Amino acid sequence: MQIIINNKTYTDNSNEANENSVFVVSKQNEKFVDAAKSKGCTEIIQAKDLDQHFDMSSIKVIGITGTNGKTTTAAAIYSFLLDLGYKVALQGTRGFFINDERIEEYSLTTPVQLGNFAHIQKAIENECDFFVMEVSSHAIEQKRIEGIKFELKIHTNITRDHLDYHKTIEEYINVKNSFLRDDTKKLINKDDKNVRFNTKNTLAYSLDDPSTYKVAAYSFKNGMHVMFSHFGKMHSFSSTMMGIFNVYNLMAAVGAVHMLTNKDLDEICEVVENFAGVSGRMETIHADPLIIVDFAHTPDGMKEVLQSFNERDIICVFGAGGDRDQDKRPLMGSIAASYSKHIIVTSDNPRFEDPDLIVEDILKGIKNHQSVKVDINRKAAIKMAIDMADKDSVVLILGKGDESTQTIYDKKIPFSDKEEILKHI
């Protein structure tokens, strides 16, 4: 990739390097330094030093990390800041946005170094005040965020995920926490027992433990209503969103915007209800029967969604991704069994694994449940769930969110949970 900074070309691709370019060395391309030199490139810099070549003083970068909630929290911060009159860019799983316009479609949660800087550069060109970005564990471990100076780092939670890559939960937790060890301003979920952080310049939000932004009460009657304290003064906001985990996400966003802008908390709370959530994240597709799509694909993510509907008969449709952490599959099955009246196990993105074997792994965690069905065909599983639904139930279709394809082997086949639901209503 190439970007131009002050009329000078920077590249991380040795094939693009020449005597007039700067080769940017990262963990991913360090073995190609000699190849870049052979093309005549004489100026070599480390990715961590990019900030010395790139003036970021006009924009504030906000990084959000966590197992669950990154996308919703980032989108909420983006929405609140726009509604408060700022110019803002958003980079993450759903793509790259500037001031309510989608500039690029879906991408890596966190691009490589030059990709990040190219987006920040475009945001600066559009006079953005803030650049909000999701920060994945892969990006932290692979040092894809080197050279970026963060104004604020936000932590949502740390639970089991990506163990196909990180191998152990301890390694995964350590990688996530490494993002929080410097003196940068931070906002931490105080209720998360896995978080470890540098306390300097750190504030916190919570529902349980004492914190700077402490939820005092909440209810879910006709939407979400939250009351919280900040240094002894009470504030409140309302939202159409559902789920305790979204109380956390919105509290993180409110606290972050307060820290970034110093605007009155009541003014920030007024714009919360304008944010309706993110497509594919706890998205209500139909009201009667109630059918909801969510991206939850980890045991903890599933638990948070399922716990939000204790008052209803849950019909849970889910699978598990192939070529990913196999040990989480029975855990997902166990969570589904603990909260659901009916379970339909189906295929997710099997990739190169046999879907039947993935289902077998899931079923190992479902013991003596009254109603478990299996249908590898996700279309048929969704239709089955809808046909079972009545006024007392909620159909939760989990795992793929707003994905528009299903990955089978290395092919992406067009498939949308939302579209399949609408076909059968």
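This briefing walks through the salt bridges, surface patches and backbone oddities of the structure above. Keep in mind that this is a predicted model. It holds 22 salt bridges, and a few of them are picked out below. Glu127 turns up twice, once for its salt bridge with Lys87 and once for its positive phi.

**Salt bridges between separate parts of the chain**

- Let's start with Glu127 and Lys87, whose side chains meet in a salt bridge at 3.2 Å, N to O. Glu127 sits in the loop between helix H3 (113-125) and strand E9 (130-134), and Lys87 in the loop between helix H2 (70-83) and strand E6 (88-92), so this pair ties together parts that are 40 residues apart in sequence.
- How accessible are the two partners? Glu127 counts as exposed at 56% relative accessibility, while Lys87 counts as partly exposed at 35%.
- Next up are Lys341 and Asp313, whose side chains form a salt bridge at 3.7 Å, N to O. They link distant parts of the chain, 28 residues apart: Lys341 is in the loop between helix H10 (328-339) and strand E19 (342-345), and Asp313 is in strand E18 (residues 313-318).
- Lys341 is partly exposed, with 35% relative accessibility, and Asp313 is partly exposed too, at 28%.

**A buried pair and its network**

- Glu353 and Arg329 meet through their side chains in a salt bridge at 2.6 Å, N to O. The two are 24 residues apart and link distant parts of the chain, with Glu353 in the loop between E19 and helix H11 (355-363) and Arg329 in helix H10.
- Are Glu353 and Arg329 buried or exposed? Both are buried, which means that each has under 20% relative accessible area.
- This pair also belongs to a network of salt bridges that links Arg329, Glu353, Asp361 and Lys364.

**Surface patches**

- On the charged side of things, Asp264, Asp266, Glu270 and Glu273 form a negative surface patch. One of its members, Asp266, is found in helix H8 (residues 265-272).
- Why does Asp266 count as partly exposed? Its relative accessible area is 31%, and partly exposed covers the range between under 20% (buried) and over 50% (exposed).
- There's a nonpolar patch on the surface as well, made by Phe352, Ile408, Tyr409 and Ile413, with about 410 Å² of accessible area together.
- Within that patch, Tyr409 lies in the loop between strand E22 (405-408) and strand E23 (411-414). Tyr409 is exposed, because its relative accessible area of 54% is over the 50% cut-off.

**Backbone oddities**

- Which peptide bond is cis, with omega near 5°? That's the one from Asp288 to Pro289. Pro289 lies in the loop between strand E16 (283-287) and strand E17 (290-294).
- Asn7 has a positive phi, near 65°, and is a residue other than glycine. Asn7 is in the loop between strand E1 (2-5) and strand E2 (8-11), and it counts as exposed at 79% relative accessibility.
- Glu127 is back here with a positive phi of about 60°, although it isn't a glycine. Its place is the loop between H3 and E9, where it is exposed, with a relative accessible area of 56%.

Technical notes. Residues numbered from 1 in each chain as written. Predicted model: local features only at pLDDT ≥ 70, side-chain atom pairs only at ≥ 80, totals over all residues. Heavy atoms only, no water. Patch = residues over 30% accessible without salt bridge, like charges linked within 9 Å, V, L, I, M, F, W, Y side chains within 5 Å. Areas by Shrake-Rupley, 256 points an atom, 1.4 Å probe, with all protein chains shown as cover. Salt bridge = Lys/Arg side-chain N within 4 Å of Asp/Glu carboxyl O. Lys, Arg positive; Asp, Glu negative; His and termini not counted. Charge placed at Lys NZ, Arg CZ, Asp CG, Glu CD. Helix = DSSP H or I, 4+ residues; strand = E, 2+ residues; numbered from the N terminus. Buried < 20%, exposed > 50% of the residue type's maximum accessible area, 1.4 Å probe, protein only.
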